[in-house]
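Trainee: Could you take me through one part of this model closely, the side of one chain that touches the other, and then set it in its surroundings?

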Amino acid sequence: MPHQLETRVLLEGAEDPRLATLQGYKDIVGGYATLERAYKEMEQDEVLKALEDSGLRGRGGAGFSMGKKASFLPRGDMPKYLCCNADESEPGAFKDRELMQRNPHQLVEGIAIAALASGAGHAFIFIRGEYDSQADVLDAAVAEAYGAGYLGKDILGTGRDLELVVHRGAGAYICGEETALLDALEGKRGNPRLKPPFPAVQGLYGGPTLINNVETLSNVPRIVAKGAEWFRQYGTEQSPGTKVVSISGGVRRPGNYEISLGLPTRDLIYDLAGGPLPGRRVKAIYPGGSSSPVLTAAEAMDLPYSFEAMAGAGSMLGSGSVIVADDTVSIPHMALRTARFYHHESCGKCAPCREGTNWTVKMLERVVRGEATPMDLDIISSVQENIMGNCLCVLGDSMAMPVSAMVRKFRGEFEQVMAEAAEGIDPHVVVDAPAETLGAAT
Amino acid sequence: MSPEKREVTLTIDGREVTATEGEMLHDAAREGDVEIPVFCYEPKLGAPVGACRMCLVEIEGIPKLQTSCSTPVRDGMVVHTRTEQVKTAQNAVIEFLLVNHPLDCPVCDKGGECPLQDNTMGWGPGKSRVIDEKRHFEKPIELSPLVAIDRERCILCYRCVRFSQEVSEDSQLQLLDRGDRTYVGTFDDRPYVSPFQGNITDICPVGALTNYTYRFRARPWDIEQAGSVCTLCPSQCNVSFTVRDEKVKRVITRDNEDVDDGWICDKGRYGFEMFNAAERVTEPRTKGGGKVSYEDAIAKAASGLKARLGKVAAIVGDASNEEGFLIQEILRQGLHSSSIDSRPAGGPGIDTILELANPARQAKVADIDDADAILVLGTDPMGSSPILDLRIRKAIRRNGARLVVATERPTALDGGAEAIARYAPGQASYFVGALAAAVGGGVENIATPVAETLREAGKVVVVWGERIGASATNELLGLADALNVSTTEGAGLLEIPETANARGLREAGVLPDAGPGLGALALQGRGTEEIRQALIDGDLDGVILVGVDPLRDFGDTAAWTKALDAASFVVAFSTFATATAGKADVLFPLETHAEKDGTVTHPDGRLQRVRPAAGRPGDIRPGWQTLANLSLALGHDTGVTSQPTAFAALTNAVPFYASITDEAIGGRGIRWQDTASASSLPGFERQPEQHDPTASDRPGLKDEADPSGGEIHAPGADATASAPDAGAGSPDTQRERASGESVPVAGAPATLALGTYRDIWSGPITELNPPLKFLKPTQHLELSPADAHRLGLASGDKVRVTQGDHSLEATALIKERTPEGVCFLAEAITGANANGLLNGHQVRVQIEKLAEVTA
C-alpha cells in the first residue's frame with residue numbers, strides 16, 4: 001500500500017503487473033480514452049492550451065514549461081519530430097525506469113497526445129542501452145498500441161498519423177543531453193550541438209523537434225483528460241503536479257515515491273524513505289541528482305521539495321533524485337566519485353569540460369591521497385568557477401556545481417582528510433579503482 | 001553572399017562596427033579592428049562548432065558569455081571583449097587547453113608560428129597552476145606517409161576532422177574515444193589517404209599535425225615566405241613558398257577565395273623536391289648532352305632555325321604569358337611561320353574561342369558557389385583541376401547546388417550527382433549536341449535525364465574539359481545558349497584546359513589562327529597534330545618545343561617519335577631531362593614556378609603573377625631573357641630587356657590586357673573581364689550569337705582544321721559512331737554491338753572501345769619527388785563487371801592490351817560504374833603509357849589475359 005504521504009497519480013495502480021499490458025492499462029486506469037478523445041475531437045491548439053495552462057514543468061532536469069516548449073515549434077507543413085528522452089543516466093535517478101517498466105502505455109499515450117500538440121508525425125523513444133528489459137517492455141507496448149490502432153497511419157480512423165520508434169542508446173551519459181541525443185539518433189557520434197538553433201526550430205534531421213522526458217510525457221494524458229485545474233490541485237503555484245522522487249543513499253527505504261511537489265524535504269527523507277540507518281545522521285543531500293549542488297542537512301530539511309525552494313537554496317530540483325549522505329560518508333571521497341563520473345562521461349568536445357573534469361579528478365585524487373595543500377582547494381574551487389557557464393552544454397557544470405558546493409561547505413573536512421591521509425591515518429583509501437566500477441549510483 | 005543582405009550596426013568595445021546581417025560576431029569584430037582569439041573557428045570549414053570556447057564575449061542583455069564564432073550579429077548589439085568576466089574566461093580556456101599540452105615548444109616545428117603560443121601569450125593567465133601528470137600517447141606516429149600526428153600536442157579543436165568530413169568529404173579522420181582521452185585518428189589506424197590531406201597541417205593550430213617533408217627542416221626565424229602561384233595544373237592555386245637558403249622547404253596555402261578557397265592539393269604542396277632533382281636541366285646543352293654557354297646555345301639555335309625559315313613550328317605547354325608572347329614573336333616575326341599551337345591535340349577555331357571568351361558566357365570560379373546547378377562535362381576535376389572538386393562539393397553541401405556529371409569515365413564527383421550520363425569515348429561532340437537539343441526541349445535522347453535537371457535550374461555553371469575535343473567545343477556554344485548562360489548573372493562556362501596556363505598562352509597568341517589578343521590572322525598556320533604530320537611529311541623541318549613532352553603527354557607516341565626523328569632541327573626548352581628533351585639539337589633549361597617571374601592567366605580570365613621565390617639551380621636564366629635573346633639573334637628585336645618590359649610588351653600586344661598593371665594584379669590577380677580593356681576583345685560589342693542547338697551543321701566552324709574532332713569513322717569503330725536516335729552512349733547498345741562484332745575470327749580476343757585519362761599522380765610529380773613516390777600510379781585497365789566476366793578477368797589479373805602494332809601490360813581493375821563495352825587506361829604512365837595506343841581516332845583494343853608467372 002502506498003504511504004499516506006504519497007500522492008499516486010503517475011504510479012496509480014502500479015502495484016498491479018497487468019498495468020503494463022494494453023488491456024490492463026485500459027481496465028485499471030481507463031487508458032487510451034484520452035488519446036481517443038484528443039485524436040477524434042481536439043485540435044492542436046486545444047491540446048497545447050491544456051498543457052500550457054497546467055504549468056507542467058519538465059521532469060528531466062531543467063524544469064522548463066512543457067507547454068511553452070511545445071508551442072515554440074513552428075507551424076506549417078514540414079517534417080516535425082518528437083523525441084522522448086528515456087536516457088535516464090544521472091546518478092541517483094531511476095524514476096523513468098519504473099514508470100516505463102510498470103506503465104509503458106501511459107508513456108505511449110502521452111507521446112501520441114504530445115505529438116498532436118506539437119504537430120509531430122514521427123516520434124522516438126531514446127532509451128539508455130542499459131535499460132534493456134525496460135526497452136523490451138516498451139517494444140511490446142508500442143507493438144500493442146500499433147495493433148490497436150493507437151499508432152501508425154490513420155489513427156482510429158481520424159486521418160492523423162504517428163510513427164513511434166523505440167531506439168536503444170549505446171550507453172553514454174552525454175546522450176541524455178538533448179542535442180547529443182539527436183546526433184546519436186541520427187547515427188552520429190553523440191556530441192552536443194551548438195545552441196541556437198534550438199531543437200524546437202532545427203532538431204532531428206534539421207526538422208522542428210520537441211524533446212521531453214519520460215515523466216513529463218507520462219503526465220500528458222491525465223492533464224488533457226482532467227484539465228489544468230485538476231493538475232494544479234497538486235504541488236505549488238510554481239511547481240504544479242506530482243513528482244516521482246528517487247531516494248537513494250543512506251536511508252532505510254530507498255526507492256521511488258510519488259509526492260505532491262512542495263512536501264517538506266524532512267518528510268520525504270524521514271517518513272517516506274525511513275530516515276538514516278540506526279545510529280547515523282544525515283550529513284548532506286544531493287536534492288536533484290548528482291549534478292545538483294549538495295545541501296547540508298541543516299539547509300535542506302526544512303525546505304519544501306519544489307523547484308523554487310531548491311533554486312532559492314542555491315541548488316536545484318533537477319530530475320527529482322535525492323541522494324542522502326550520512327555521517328559515515330567522506331565528502332572529499334564523494335566529491336572525487338562525482339567528479340570521476342563526469343570525467344568519464346565528458347564527450348570531450350569543449351575544452352572547459354574536457355580538461356576541467358580531468359584536472360579536477362587529478363586534484364581530488366591528490367587530496368584524498370594526502371598530496372595536496374589547502375591552496376589546491378582554492379585551485380579546485382577556481383577551476384569549478386572557470387567551468388561554470390563556459391561550456392558547450394551543461395555536463396561540465398554538472399560536475400562543477402556539486403564539487404564546488406562540497407568544497408565550500410565542507411572545507412574543514414577536506415583539510416582534515418588531506419592532513420590525515422598525509423600522515424597515513426587512513427591507509428584504506430582506494431583511489432585507483434578501475435573507472436568502470438565508479439560512476440552510476442543506480 | 002546574396003546581395004539583398006542588409007547592413008547592421010553594432011557596438012564592440014565602444015566602437016561602432018558595420019557588418020552584414022547574419023555575419024558571425026567574430027568576423028564583424030575583426031573587420032572593426034577588434035581581435036577575438038579563436039582555435040576551432042575557421043569559416044573555410046563551414047558552420048562553427050563552438051568547441052574551443054576561446055572566443056567567449058559578453059553581449060549586453062544575455063547573462064552568459066557567448067561564443068562570438070557562432071553568434072550572428074544583430075542590429076544594435078552591444079558587445080564587450082575586454083571586461084573582467086571575458087578575461088577570466090579567456091584565461092580559463094587557455095589554462096584548460098594547456099592542462100594536457102606538453103609545452104614542448106622548443107622542439108616543436110610549430111614553435112614561432114603557433115596560434116596556441118600566440119593566444120597563450122596574448123590571452124592566457126601567464127602562469128600555470130597545473131602540477132599533475134599529463135596524458136600520454138605514442139608520438140609522433142604516421143597519420144599517413146606524408147603527415148605525422150603528435151596526439152599529446154593536439155587540443156582537439158576539430159579542424160582536421162571537419163576538413164576531412166566537410167571539405168574533402170573523405171570522412172576518414174574521426175575523433176575516437178571521448179573526454180580527455182579523445183584522439184584524432186582513422187578507422188583501424190589505417191593511413192589517411194586523400195589528395196588534399198596536407199591542408200590539415202595548415203589549419204592545425206598547434207604542432208599536432210606536421211609534414212614529414214618539413215619536420216625539423218627549419219625554424220620560423222630561418223625562413224622567408226614568398227607568395228606565388230602554383231602552375232602544376234590549371235587551378236593556379238595561390239601558394240606561399242617557405243624558403244630557406246634559397247631553396248623551397250614547404251608550400252602552404254595563400255587564401256584566395258576567387259581562385260582556390262584557401263586550399264591546395266597535395267600535388268602542389270608536396271611537389272617541390274623536384275625543383276632540385278638530379279633530372280633538372282640546369283644549363284643549355286647540345287645534342288649528346290654537351291654543356292654549352294647560353295651565348296653559344298642561342299647562336300647555334302638561331303643559325304639552325306634561320307636555315308629553315310618558314311619551315312619551323314613551335315609547340316608550347318608550360319610557359320608564362322610573356323614566354324608565350326615571345327615565342328610567337330619568334331615564330332611569326334623571326335621565322336615567318338604561323339605553325340604554332342599550345343594545345344596537345346589542337347582545338348577549335350578562333351571563331352569558337354572568341355565566342356567562348358565572350359565575358360557574358362564566362363563563369364568565374366566563385367560562380368560555382370552560388371550556382372543552382374553545375375554540369376561537369378568531359379573531365380574529372382579530381383584529376384584535372386583538383387581544387388575545383390572541393391569547390392563543387394562545397395556548392396552542393398552548403399548551398400544545395402544540383403550537380404550533373406556527363407563524362408566518359410566515372411568521376412570522383414559521381415556520388416553527389418543528381419544525374420549522370422556516360423557517353424562513349426570520342427562521342428563528346430554528339431553528346432553535347434544532344435544535350436543542347438534536350439535542354440531546348442527537343443526529342444528525348446540520351447542526354448534527357450541530365451537535361452531535365454539543368455532545364456529547371458536558373459544559374460548553371462558548366463565546368464568542361466578541353467579534352468572533349470574541338471568538335472564538341474563547337475557544340476558547347478549551342479548548349480550555352482540553350483542554358484541561357486549569357487543572359488543569366490552568375491551562370492557561364494568554365495574550362496578546365498589540359499595545361500596550366502592554356503588560356504594565357506592562347507590569349508598571348510600561341511594559336512595557329514590567331515595572334516596576340518586573339519586577333520584573327522590572314523596567314524593561318526598548323527595546329528599541333530598538323531605540325532606532327534607536316535614534320536613526318538617533310539613540309540616542316542624544324543620545331544621548337546617549350547615546356548612540352550609529346551613523347552609522354554600527347555596521344556600517338558609512335559607518330560610523335562617519327563615526327564621528332566624526322567625533324568632535322570629541334571630546339572627544346574625543358575625543366576627536366578625527358579625523352580623529348582633528349583631529341584633536342586639545342587636544349588635550354590626552363591624555370592619552375594618557384595623560380596619564374598611572369599604572369600599566367602587562370603581559365604576564368606584572372607591574370608596572376610608567378611613570383612620568383614627560390615634560387616635557380618645551376619646556370620639557369622629566365623625564360624623571357626633566353627627567348628628575347630633568341631629573337632634578337634634571329635633579327636627581330638622585341639624590345640624586351642627585363643620582366644617588366646616583357647609584361648609591357650604583352651599588355652601592349654593583347655588589347656584586352658591593356659589596362660592591367662602589375663599593381664592591379666597584386667597578390668590576388670585580376671580578371672581582364674573586370675577591367676576597362678575587356679571591350680577590346682574582338683567581337684566584344686556583339687551580343688553573343690544565338691546558336692540553334694538543333695541545327696546539325698553550322699557554317700563558320702573549321703572542322704577541317706581539326707583532325708581529332710568531327711565525326712569519327714575509324715575502321716572498325718562503327719560501334720561507337722554517332723547514331724542520334726539509337727543512343728550510341730547507352731551501355732546496352734554498346735554491349736550488343738561489341739559482342740556482335742567481336743568474333744570476326746573464332747577465338748580472337750575481344751575488343752573494347754578505349755578511353756584514356758590523366759591520373760592526378762602520373763608524370764614527374766611522383767617520379768621526381770621522393771615523398772610522393774609511394775603514390776606513383778601503375779597502369780590499370782578499368783572495365784565493367786560484365787565485360788570482365790565475359791573476358792574471364794578478375795581484378796588483379798595481368799592483361800596485355802593491344803591496339804594495332806602497339807600494346808602494353810596492365811592490371812585489370814573491375815569498376816562497377818564503368819559502362820559496358822568501354823575500358824580505360826591512364827596516360828603518361830611510365831612503361832605502360834596509354835598514349836602509345838592512340839592514333840588520333842577512336843580506337844578499340846584487344847585484351848588478352850596473361851598467364852600467371854609462377855615463381
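Mentor: Happy to; we start with the contact between the chains, move on to the helices behind it, and end with the two chains as wholes.

A word on conventions before we look. This is a predicted model, in which local features need pLDDT of at least 70 and side-chain atom pairs count only at pLDDT 80 or more, while totals for chains, interfaces and linings use all residues. Residues are numbered from 1 along each chain as its sequence is written, and chains are lettered from A and ligands numbered from 1 in the order in which they are written.

Now to the part you asked about. Here 24 residues of chain A are in contact with 26 residues of chain B, where contact means that the C-beta atoms of two residues, placed from the backbone, lie within 7 Å. On the chain A side, at least two residues each come from α13 (331-345), α14 (351-369) and α15 (374-387); helices (H or I, at least four residues) and strands (E, at least two) are DSSP runs, numbered from the N terminus. The largest share belongs to α14(A), with 10 residues. By class, this side of chain A holds nine nonpolar, 10 polar and five charged residues. Nonpolar covers Ala, Val, Leu, Ile, Met, Phe, Trp, Tyr, Cys and Pro, charged covers Asp, Glu, Lys and Arg, and the others, Gly among them, count as polar.

Let's follow α15(A) onward. Its axis and that of α16(A), residues 395-409, come within 9 Å and cross at roughly 145°; axes are lines fitted to C-alpha atoms, for helices over the stretch in contact, and angles run from 0 to 180 degrees between N-to-C directions. The crossing of α15(A) and α16(A) is left-handed, that is, the near helix is turned anticlockwise from the far one by less than a right angle (clockwise would be right-handed). From α15(A), A:Leu377, A:Ile380, A:Ser381, A:Gln384 and A:Ile387 take part, and they meet residues of α16(A) including A:Gly396, A:Ala400, A:Val403 and A:Val407. Six nonpolar, four polar and two charged residues make up this helix contact.

Stepping back, chain A contains 17 helices and nine strands. Its radius of gyration is 22 Å, close to the 22 Å that the globule rule gives for 442 residues, so chain A is as compact as a globular protein of that length. The radius is taken over C-alpha atoms, and the rule is 2.2 Å times the number of residues to the power 0.38. The C-alpha trace of chain A spans about 75 × 45 × 35 Å along its principal axes. Of its 442 residues, 58% are buried, with 20 or more other C-beta atoms within 10 Å of their own C-beta, placed from the backbone; 12 or fewer is exposed, and in between is partly exposed. Among contacts in chain A with a separation of 6 or more, 71% join residues 24 or more positions apart.

Across the contact, chain B has 26 helices and 34 strands. For its 855 residues, a compact globule would have a radius of gyration near 29 Å, and the 28 Å of chain B agrees. Its C-alpha atoms fill a box of roughly 85 × 70 × 65 Å along the principal axes, and 57% of its residues count as buried.
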